[in-house]
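Me: Pick one part of this model and take me through it slowly, please. I'd like the sulfur chemistry first, and then whatever the surrounding architecture has to say about it.

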Amino acid sequence: MKKHLVTLLFFLATGISFAAFGQCNSDLYSEKSMKNIAPGFLYEKSYRVDGKGGRTAKVEYTCILSKDTNYSFTMNSKDGGSNGMVFSLFDQQRNKVASNFINNKFFTGIQYKCNATGIYFLNFTFQDSQSHCGAAVLAFRR
């Protein structure tokens, strides 16, 4: 009986360690993004981007942006910089107004001057990503 209990505990411990290995530590990439906030901008919020190892194709958040305010979005992924993580900002009519992926190149930060107060959609997808993991930070300057 004792032998079976030890064997069961061994397999449980091994399974837990493998499950923890594949998890996305978005907090780490959030901290990296915060360090890259442009001078003069104030931190507002962090967004975790966990694509669950490729099982989730899109991660989306909403936020309210104010007219005539400058916003900075900084992002980092587990793939390095913002590689593999496509950020797109949509207005309330779902028109794309900004992106970090232009001409097949990833940018780790973008700035956007808001033209109309309202709800905006922060959309994260993955392209050629090995990890499907990262984070983004929103900062503002009036």
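Reply: Let's start with Cys-114. Its closest cysteine sulfur belongs to Cys-63 and sits 8.9 Å away, so the gap is too far for a bond. Keep in mind that this is a predicted model. Cys-114 is also buried, because its relative accessible area is 0%.

Turn it around and the story holds from the other end: the closest cysteine sulfur to Cys-63 is that of Cys-114, at 8.9 Å, which is again too far for a bond. Cys-63 counts as buried as well, because its relative accessibility is 10% and the cut-off is 20%.

Which cysteines do form a disulfide, then? Those are Cys-24 and Cys-133, with sulfur atoms 2.0 Å apart, and the structure holds 1 disulfide. The torsion about that S-S bond is about 80°, so the disulfide is right-handed. It ties together distant parts of the chain: Cys-24 lies in the loop between helix H1 (2-21) and H2, while Cys-133 is in strand E10, 109 residues apart. Cys-133 counts as buried, since its relative accessibility is 1%.

Now the sheet around that bond. Four strands make an open sheet with antiparallel pairing, in the order E1-E10-E3-E8. Strand E1 (42-50) and strand E8 (109-113) are the edges, each pairing on one side only. From one strand to the next, the twist averages 20°. E10 (residues 133-141), the strand with the disulfide cysteine, pairs with E1 in the antiparallel sense over 8 bridges. One facing pair to look at is Leu-42, which stands opposite Phe-140 in E10. Helix H2 (residues 26-35) packs on this sheet, touching E1, strand E3 (70-77) and E10, and its direction makes about 35° with that of E10.

Back to Cys-63 and its surroundings. Ile-119 touches it, and also touches Thr-62, Ile-64, Asp-91 and Gln-92, leaving aside residues up to four places away in sequence. Ile-119 is found in strand E9 and is the bridge partner of Ile-64. Across that pairing, strand E2 (residues 58-65) and E9 run antiparallel, joined by 8 bridges. Another long-range neighbour in sequence terms is Ser-66: it is 53 residues from Ile-119 along the chain, yet their C-alpha atoms are separated by 9.1 Å.

Strand E4 (residues 85-90) is joined to E9 too, by 6 bridges and again antiparallel. Within that pairing, Phe-87 has Phe-124 as its bridge partner in E9.

Is E9 buried or exposed overall? Of the 9 residues in strand E9 (residues 118-126), 7 are buried, so the strand is largely enclosed by the rest of the structure. Ile-119 itself is partly exposed, because its relative accessible area is 40%, between the 20% and 50% cut-offs.

One caution before you put any of this to work. The chain averages a pLDDT of 88, and 85% of the residues score at least 70. Over residues 5-21, though, pLDDT is below 50, and that stretch has 0 contacts in the model beyond near neighbours in sequence. Where pLDDT is low, the predicted coordinates should not be read in detail.

Conventions: Residues numbered from 1 in each chain as written. Predicted model: local features only at pLDDT ≥ 70, side-chain atom pairs only at ≥ 80, totals over all residues. Heavy atoms only, no water. pLDDT = per-residue confidence, 0-100. Contact = heavy atoms within 4.5 Å. Buried < 20%, exposed > 50% of the residue type's maximum accessible area, 1.4 Å probe, protein only. Helix = DSSP H or I, 4+ residues; strand = E, 2+ residues; numbered from the N terminus. Pairing = 2+ DSSP bridges. Axes fitted to C-alpha atoms, helices over the stretch in contact; angles between N-to-C directions. Disulfide = S-S within 2.5 Å.
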